[in-house]
Amino acid sequence: MVASITGRKTLAVLAVFLMVASVAAVQSTPAGAQATDVEVIASGLRNPRGMDFAPNGDLYVAEAGRGGNGACILTSAGAMECLGKTGAITRIRGGKDVTVVPSLPSIAALEVEGGNALGPHGISFLGSTGYSTIGLAADPALRADLGPRGQDMGKLMQFTPPRRREIADFVPFEQSVNPDGGLPDTNPFGVLALPGRQIVTDAGGNSVLEVGAGGQISTLAVVPDGMAPAPPFLGLPPGTQIPFQAVPTGVDIGPDGWLYVGQLTGFPFPVGGASVYRIPPNGGTPEVFLTGFTNIIDIEFAADGSLYVLQISTDSLFIAPPSPGALIRVAPDGTRTTVAMEELSFPGGLAIGPDGNLYVSNNGTSPTNGEVLRIG
């Protein structure tokens, strides 16, 4: 039983979303949290996730959609999730949100009415060209079962609205290379567009990948698994340690030119068990940069060298009702400040605006009530 749970390669947060996303979290801001001004600048979004600003100041948001009534597959979350063309890339400009890249593939479990969908996730701009990952979180062989309408899942696409095109396909790469050597599973998640290449975290494959010229994929790093105390409900002797998957999520480039990657961690989602890793610019063994976080979903460096870390939850994802998320600033001297907490419910992505404000996609597991917050 333990091996079957902990051995799966999975964006494990999705399994928990199925259990707790409909439960409201009611918490107060903890002592030491910094007071903030929070404004909702977009609402009514469908499972909003990653975000980035284009050079002209427009904010783009990946909406994972709400699935549909098409073909279904068994994902790594252990749920049958069904296809629809409900994913999208949405632009926010002047207080108005407009879908600029529609009809992207999305899968979600019917039981949660389109919540917790898998679809477009990460977004990154290089000049006026955007890049977005489209997740899968399943054995890559299962994508074929989604039929022609689902074949863009598990890929990286390039977009200049309203045009889009495929850049790289992670399904055959995982099938042939499988960087971490575990059960085949791919879920392209975070993306960072750099000159001549794109860096993608595979949250299902526990790896950090580079997409080069012609869509050629190579492995930059494999993020290591960890060990955590077994939850009591497993019935194991007290003190038993069990392995958890790494589950890399957000990615950014640091002031030193190295790559930095946030870690969600898989089951049993240990409190304080998530780290931020740094990886040499051209790949190599990940180094632990910061520890003591919980369920990291995104990271981003500010111009002053501060690192902002977005947690999808501040407690184990098995706690019900779930705890709020948290946005934490790590100053260059290492000082940590909680910028926002009680306002955050399953946040899905983070961006720093040209105005210096912080932007967070919130209610990131909701098929109808997702929103974008501006935090000043």
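**Reading the aromatic pairs and the overall fold**

Author: Let's start with a small group of rings: Tyr60, Phe125 and Phe159 form one aromatic cluster. Please keep in mind that this is a predicted model.

Reader: Happy to. How many aromatic pairs does the count come to?

Author: Two rings are paired when their centres lie within 6.5 Å. By this rule, the structure has eight aromatic pairs. One of them joins Phe233 and Phe267, with 6.4 Å from centre to centre and 65° between the planes, an edge-to-face arrangement.

Reader: Where in the chain do Phe233 and Phe267 sit?

Author: Phe233 lies in the loop between strand S15 (226-229) and strand S16 (241-244), while Phe267 lies in the loop between strand S18 (259-263) and strand S19 (274-279). The two are 34 residues apart, and their pair links distant parts of the chain.

Reader: Is Phe233 buried or exposed, and is Phe267 buried or exposed?

Author: The idea is to look at relative accessible area: under 20% is buried and over 50% is exposed. Phe233 has 56%, so this ring residue is exposed. Phe267 has 10%, so this partner is buried.

Reader: Why is the pair of Tyr260 and Phe289 called edge-to-face?

Author: Look at the angle between the planes, since over 60 degrees counts as edge-to-face. For Tyr260 and Phe289 the planes stand at 80° and the ring centres are 5.0 Å apart, so the pair fits that label. Tyr260 belongs to strand S18 and Phe289 to strand S20 (residues 287-293), 29 residues apart, and again distant parts of the chain are linked.

Reader: And what is the relative accessibility of Tyr260 and of Phe289?

Author: Tyr260 is at 4% and counts as buried. Phe289, at 35%, is partly exposed.

Reader: Let's step back to the whole chain. How many helices and strands does the chain have?

Author: There are three helices and 27 strands. To judge compactness, compare the radius of gyration with what the globule rule gives for the chain length. Here the radius is 19 Å, close to the 21 Å given by the rule for 376 residues, so the chain is as compact as a globular protein of that length. Its C-alpha atoms fill a box of roughly 55 × 50 × 40 Å along the principal axes.

Reader: What share of the residues counts as buried?

Author: Of the 376 residues, 59% do. As for contacts with a separation of 6 or more, 54% come from residues 24 or more positions apart.

Reader: What about surface and charge?

Author: The accessible surface is about 13800 Å², and carbon and sulfur atoms hold 53% of it. The chain has 20 positive and 32 negative charges, whose mean positions are 8 Å apart.

Definitions and conventions. Residues are numbered from 1 along each chain as its sequence is written. This is a predicted model: local features need pLDDT of at least 70, side-chain atom pairs count only at pLDDT 80 or more; totals for chains, interfaces and linings use all residues. Side-chain values use heavy atoms; hydrogens and water are left out. Helices (H or I, at least four residues) and strands (E, at least two) are DSSP runs, numbered from the N terminus. The radius of gyration is taken over C-alpha atoms; the globule rule is 2.2 Å times the number of residues to the power 0.38. Buried means under 20% relative accessible area, exposed over 50%, partly exposed in between (1.4 Å probe, protein chains only). Contact means heavy atoms within 4.5 Å. Accessible areas come from the Shrake-Rupley method with a 1.4 Å probe; for residues, only the protein chains shown count as cover. Lys and Arg count as positive and Asp and Glu as negative; His and the chain ends are not counted. The place of a charge is taken as NZ of Lys, CZ of Arg, CG of Asp or CD of Glu. Rings of Phe, Tyr and Trp (its six-membered ring) pair if their centres lie within 6.5 Å; planes under 30 degrees apart count as stacked, over 60 as edge-to-face and the rest as tilted.
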